[in-house]
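Hi everyone, thanks for making time. I'd like to walk you through a structure that's probably new to most of you, so let's get it up on the screen.

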Amino acid sequence: MSSKRYTGLIDKYRDYLPVHDDTRLISLGEGQTPLIRLNNVPRIIGKDVDIYVKYEGLNPTGSFKDRGMTMAVTKAVEEGSKAIICASTGNTSAAAAAYAARAGITAFVLIPEGKIAMGKLAQAMMYGAVTLQIRGNFDEGMQLVKEVAEEAPVTIVNSINPFRLQGQKTAAFEIVEELGAAPDYHCLPVGNAGNITAHWMGYSEYLKAGLANTRPKMIGYQAAGSAPFMRGHMVDKPETIATAIRIGHPQSWDKAWNVQKESGGWFDELTDDEILQTQRLLAQHEGVFCEPASAASLGGAIRDVKNGKIPEGSKIVCTLTGNGLKDPDTAIGQCKNAVMLTIDAKLGAVKDSILKNMAG
Ligand code: AN7
């Protein structure tokens with residue numbers, strides 16, 4: 001039997017990425033994530049649409065950031081860098097920390113104190129990053145990172161590093177390959193707007209290469225308290241329970257507006273309640289657990305299907321950017337009605353619980 005070991009997205013898509021044959025690849029086997037067709041949600045909302053979720057939470061550190069980080073760290077190492085730095089709402093720092101560990105270099109991560117999910121904090125610490133909790137938000141951290149990189153020998157691995165978007169565009173390649181064509185609509189949660197930009201690059205490259213005949217309309221959904229694309233200007237004090245997208249000064253502002261215009265898509269916003277409601281819907285009716293920010297993509301899509309902006313008969317892909325396990329506090333906090341009973345370790349008590357809680 002010949003070996004077909006999957007060795008990560010750079011190796012798979014090297015023809016479309018800026019690497020040489022002898023580039024040392026820093027990989028953890030990222031990419032190749034499941035594209036899951038939703039079976040129950042279309043029926044629940046009573047609409048004839050084909051909805052797929054791209055479960056990016058199954059990447060090695062639990063988010064889509066691994067796609068960009070394998071490229072950014074591979075190039076940083078190739079260029080001789082000994083340290084990387086990022087500001088982060090949590091997922092970028094987790095990915096940076098892991099890929100730096102893999103490469104044997106140092107990661108410095110700036111995170112907003114008290115405003116990143118527990119799992120992400122655990123990752124930065126466990127992977128051995130130097131973790132700098134700032135008394136400030138992501139946008140302030142990002143500004144500091146840009147300034148310090150002028151004065152210290154560190155490579156920035158936020159999505160202003162162009163290699164990040166190069167890696168992240170591969171998610172669009174995988175979707176086209178799995179569906180045999182581009183979808184009609186592609187929905188993503190938007191923070192810095194790097195990922196929506198990267199996906200558009202990917203779709204555009206496959207169109208140009210003749211591997212797809214169309215490109216999707218790109219739709220970006222923000223949290224209402226952190227929605228600069230809806231306000232039309234930067235937001236100084238962003239707030240949302242979806243801490244991953246608690247970002248008021250998107251770094252890919254112009255690029256994302258171009259994506260919206262070129263693709264014919266749009267931006268919209270969801271309240272925290274809508275985001276959490278969608279997170280529960282997806283977990284409880286499809287068995288897919290994503291983090292709050294990720295649910296914005298599906299929540300927005302469902303609303304736009306219901307109101308007819310996305311017509312029936314459409315093929316829709318929603319990116320689930322991060323894994324639900326990243327943020328156990330927010331999950332448990334909203335499951336007050338979950339069936340959880342404390343009972344005696346007795347057969348009778350277990351049997352009673354079963355008979356009282358059988359569905360139907
Ligand atoms: C789960 O980790 O910016 O619009 O510092 O973690 O490309 O910024 C995270 C962003 C969506 C938004 N969903 O993506 C960070 C960070 C999740 C995220 C986004 C993020 P972009």
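One term before we start: when I say polar contact, I mean a pair of N or O atoms within 3.5 Å. And please keep in mind that this is a predicted model.

Okay, the ligand. Which residues are closest to it? There are 24 residues around the ligand, and the closest are Asn 91, Thr 92, Asn 192, Ala 193 and Thr 321. Three of those names come with a distance. A polar backbone atom of Thr 92 is 2.7 Å from an oxygen atom of the ligand. For Asn 192, a backbone N or O atom also lies 2.7 Å from a ligand oxygen. And Ala 193 has a polar backbone atom 2.7 Å from an oxygen of the ligand.

Now, hold on to Asn 91 and Thr 92, since they come up again with Lys 65. That lysine sits in helix α3, which covers residues 65-78. Setting aside neighbours within four places in sequence, Lys 65 is in contact with Asn 91, Thr 92, Ala 95 and Arg 164. Here's the curious bit: Lys 65 is buried, yet it has no salt bridge. How far away is the nearest side chain of opposite charge? That's Glu 291, at 9.0 Å.

Other charged residues do pair up. A search of the whole structure finds 14 salt bridges. Take Glu 174 and Lys 54, whose side chains meet at 2.6 Å, N to O. This pair links distant parts of the chain, with Glu 174 in helix α8 and Lys 54 in strand β2, 120 residues apart. Buried or exposed, those two? Both are buried.

Next, Glu 56 and Arg 67 form a salt bridge too, with the closest N and O atoms 2.5 Å apart. Glu 56 is in the loop between β2 and α3 while Arg 67 is in helix α3, so this pair ties together parts eleven residues apart in sequence. Glu 56 counts as buried because its relative accessibility is 1%, and Arg 67 is buried at 0%. Put these four together, and Lys 54, Glu 56, Arg 67 and Glu 174 are linked in a network of salt bridges.

One more pair: Arg 303 and Asp 268, with their closest N and O atoms 3.3 Å apart. That one joins helix α13 to strand β9, across 35 residues. Arg 303 is at 24% relative accessibility, so it counts as partly exposed, whereas Asp 268 is buried at 15%.

Back to α8 for a moment, residues 170-179. This helix is mostly covered, with eight of its ten residues buried. Among them are Phe 173, Ile 175 and our salt-bridge partner Glu 174. Right after α8 comes Gly 180, which has a positive phi, near 80°.

Last topic, the nonpolar cores. In soluble globular proteins, nonpolar side chains tend to be buried together. Here the largest core has 33 residues, and the members touching the most others are Ile 51, Ile 316 and Cys 318. Several elements supply at least two residues each, including β2, β9, α12 and β10. Which one gives the most? That's α13, with seven residues. As for Ile 316, its contacts beyond four places in sequence include Ile 51, Tyr 185, Cys 187 and Val 305. There's also a second, separate core of 29 residues, and Tyr 13, Ile 175, Ala 182 and Trp 200 are in it.

That's the tour. Over to you.

Definitions and conventions:
Residues numbered from 1 in each chain as written. Predicted model: local features only at pLDDT ≥ 70, side-chain atom pairs only at ≥ 80, totals over all residues. Heavy atoms only, no water. Core = buried A, V, L, I, M, F, W, Y, C linked by side-chain atoms within 4.5 Å. Buried < 20%, exposed > 50% of the residue type's maximum accessible area, 1.4 Å probe, protein only. Helix = DSSP H or I, 4+ residues; strand = E, 2+ residues; numbered from the N terminus. Contact = heavy atoms within 4.5 Å. Lys, Arg positive; Asp, Glu negative; His and termini not counted. Near = heavy atom within 4 Å. Polar contact = N/O pair within 3.5 Å; in protein donor to acceptor, adjacent residues only side chain to side chain.
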